[in-house]
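Reader: I am new to this structure and would be grateful for a close look at a single part, the nonpolar core. Please place that part within the whole.

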Amino acid sequence: MIHETLSKIEARLEHAGSLGEDTRRELLTLIATLKQEITHLSETDADQAQSIAGFAEASTHEATRATPKPELLTYSLDGLSASVAGFEESHPHLVHIVNRICATLSNLGI
């Protein structure tokens, strides 16, 4: 289920007309790294891994939708950030990747 969600995100990014090529490449690289990190987390905390994937999907949707809704992007990014709270020590790379995804999506100029 988690990999399905992340694959949906990749597909959405690949077809999002609102993204520049550099941003698209950066986000796809970050999502690929997130896949690896979530795989490790899902072995110990499957529910939390699913939450992270779900918020990543919602954030990607809001950042790439045809008619932007900045308030929904803010809510989804806040949820994505909150979903990794408490993992700074146990999964620092996961937290770093999620923070980079949040920063990249929030900087799309919406």
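Author: The protein carries 8 positive and 16 negative charges, and the mean positions of the two sets lie 10 Å apart. Here Lys and Arg count as positive and Asp and Glu as negative, with His and the chain ends left out; each charge is placed at NZ of Lys, CZ of Arg, CG of Asp or CD of Glu. The model is predicted, so that local features require pLDDT of at least 70 and side-chain atom pairs pLDDT 80 or more, whereas totals for chains, interfaces and linings use all residues. Residues are numbered from 1 along each chain as its sequence is written, and side-chain values use heavy atoms, without hydrogens or water.

The protein has 5 helices and 0 strands, in the order α-α-α-α-α from the N terminus. These elements are DSSP runs numbered from the N terminus: helices (H or I) of at least four residues, strands (E) of at least two. The C-alpha atoms occupy a box of roughly 35 × 25 × 20 Å along the principal axes.

Of the 110 residues, 40% are buried, where buried means under 20% relative accessible area, exposed over 50%, and partly exposed in between (1.4 Å probe, protein chains only). The largest nonpolar core holds 29 residues; such a core is a set of buried Ala, Val, Leu, Ile, Met, Phe, Trp, Tyr and Cys residues joined through side-chain atoms within 4.5 Å. The residues with the most contacts inside this core are Leu34, Ile38, Ile52, Leu94, Val98 and Ile101. At least two core residues come from each of helix H1 (2-15), helix H2 (21-42), helix H3 (46-64), helix H4 (70-83) and helix H5 (92-106). H5 gives the most, with 7 residues.

Ile101 illustrates how these residues meet. Apart from residues up to four places away in sequence, Ile101 touches Leu27, Leu30, Ile31, Leu34 and Leu80, a contact being heavy atoms within 4.5 Å. Across the protein, 67% of the contacts with a separation of 6 or more join residues 24 or more positions apart.

Two further residues may be set beside the core. Ser83, in helix H4, counts as buried because its relative accessible area is 4%. Beyond its neighbours within four places in sequence, Ser83 contacts Gln48, Ser51, Ile52 and Phe55; Ile52 is one of the core residues with the most contacts inside the core. Lys8, in helix H1, has 49% relative accessibility and therefore counts as partly exposed. Between Lys8 and Glu57, which are 49 residues apart in sequence, the C-alpha to C-alpha distance is 7.6 Å.
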